Amino acid sequence: MESFVYYNPTRILFGRGMTSKLGAYIPAKARVLVLYGGGSVMKNGAYTAAKAALGKRKSVDFGGIEPNPEYETCMKAIELMKKQKLDFILAIGGGSVIDAAKFIAAGFFMKSPWNILEKGAKIQKALPIACVLTLSATGSESNINSVISRRKRTMKLAFASEKVYPVVSVLDPAFQATLPLRQTINGIVDSFVHVLEQYLTYPVNSPLQDGFAEAILNTLKLEAPKILKRPNDADARANIMLSSTLALNGLIACGVPQDWSTHAIGHELTAIYGIDHAQSLAIVAPKLLEVECAYKRNKIVQMGKNVFGVCTKDKRLAAKETIAKLKKFFVDVGIKVELSDYGIDKKQAAKAVSENLVRIKHLPLGEHRDIDAKKVEKILLK
């Protein structure tokens, strides 16, 4: 196991009705920007419950955060906060809304907020954030990460800072009961791949972290079919919600190498072609494992045995069978795994994605830093 420092200050309020306790963790004199996306938060009860928790605090609404939050939209929110002299953000929604809240919180104090994304400008301070989660996927409710898009420049960039950890997050599975099935499945796949990025690297004698990772993968694999059959299954929703949070709150990353090349390539597919984030991950992950199998074989075989029940003794065959089972899992839950399924020419995509990664200086990728532009093309041409 490698050395590590672990820190996570986010308070989690988990369970039905827990939004009612949110007000205890927001300063009484806070002046709050209430941030959300479309109209779903009005229909599922999250908005009403969150506003009730704010009580008499001054609050100003800002809706319209996109599924891939846009830089320009976030800048409008910053302008509103300054005009209204607001000092606290309450994000009601999924990862996109929370990611936007993080950028707004940090950008509020920056002369040139774009530098956070393009130049990696260090964040010295940020406004406090509270979250009411309505879609489990990104783990943003309890981590330091944010991804922001700038469609005009065909860019989707990430940043991370401990300054944007949410102060408190409400995880009430009831708010997800009315989610469209597509969003639920996208969230499951996104969470699953988050675990893979931290787990499928190379062994470093970390049985505890591996066990945590495998437990999350097995839980998602077990609960996904239940949600497909019974979208209102409260227990399945709760298990998926907690699994998604734990998949990317830093815990399973402690002391182990990480990859994140699937996400980097997937982000470019989304930026260029507009396909859902989870769809891009399901396309890239199996192909990347095939290309990188020589480096990842031991962990792929371990996942095959402990998650997919692969008992083949020959490691090469076991790895191949495991990748096939991973692909089948994605297909079984309703996510297509080929670029052609989305009407995308893989030769054109391979070139466009590799060129974009070069342009934004994101190469090389992978835990061994061995994935260059040529290998990105090789992955997408599989």
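In which loop is P364 found? In this predicted model, P364 belongs to the loop between α13 (346-359) and α14 (373-380), and the paragraphs below take up that loop together with a second loop, a buried helix and a pocket.

## The loop between α13 and α14

The peptide bond that leads from L363 to P364 is cis, its omega being near 0 degrees. K361 also has its place in the loop between α13 and α14, and its phi is near 60 degrees, a positive value in a residue other than glycine. Most residues other than glycine have a negative phi, and most peptide bonds are trans. With a relative accessible area of 73%, K361 counts as exposed, because that value is over the 50% cut-off.

## N205, between α6 and α7

A positive phi is also found at N205, where the angle is near 55 degrees in a residue other than glycine. N205 sits in the loop that runs between α6 (181-199) and α7 (207-229). The relative accessible area of N205 is 63%, and this residue is therefore classed as exposed, the threshold being over 50%.

## Helix α9 and its surroundings

Helix α9 covers residues 261-273, and at 1.5 Å a residue its 13 residues should span 18 Å, which agrees with the 18 Å that separates its end C-alpha atoms. Of these 13 residues, 10 are buried, so the helix is largely enclosed by the rest of the structure. The buried residues are S261, T262, H263, A264, I265, G266, H267, E268, L269 and T270.

The cover over the buried residues of α9 includes the strands β6 (145-150) and β7, and it also includes the helices α6, α10 (277-291), α13 and α14. Just after α9, G274 adopts a positive phi of about 75 degrees.

## The second largest pocket

The second largest pocket has a volume of about 280 Å³. Its lining is made up of 13 residues, of which L117, E118, G120, A158 and H362 are the closest to the pocket centre. Two elements, α5 (114-118) and β7 (155-160), each give two or more residues to this lining, and β7 gives the most, with five residues.

By residue class, the lining of the second largest pocket divides into eight nonpolar, two polar and three charged residues. Strand β7 thus appears in two parts of this account, since it contributes to the lining of the second largest pocket and is also among the elements that cover the buried residues of α9.

Key:
Residues are numbered from 1 along each chain as its sequence is written. This is a predicted model: local features need pLDDT of at least 70, side-chain atom pairs count only at pLDDT 80 or more; totals for chains, interfaces and linings use all residues. Side-chain values use heavy atoms; hydrogens and water are left out. On a 1 Å grid over the protein atoms alone, a cavity is a set of points where a 1.4 Å probe fits but cannot get out, and a pocket is an open set with protein on both sides within 12 Å along at least five of seven lines; lining residues have an atom within 4 Å of a point. Grid points are joined across faces, edges and corners, and a volume is the space filled by probe spheres set on the points. Helices (H or I, at least four residues) and strands (E, at least two) are DSSP runs, numbered from the N terminus. Ala, Val, Leu, Ile, Met, Phe, Trp, Tyr, Cys and Pro count as nonpolar, Asp, Glu, Lys and Arg as charged, and the others, Gly among them, as polar. Buried means under 20% relative accessible area, exposed over 50%, partly exposed in between (1.4 Å probe, protein chains only). The expected span of a helix is 1.5 Å times one less than its number of residues. Contact means heavy atoms within 4.5 Å.
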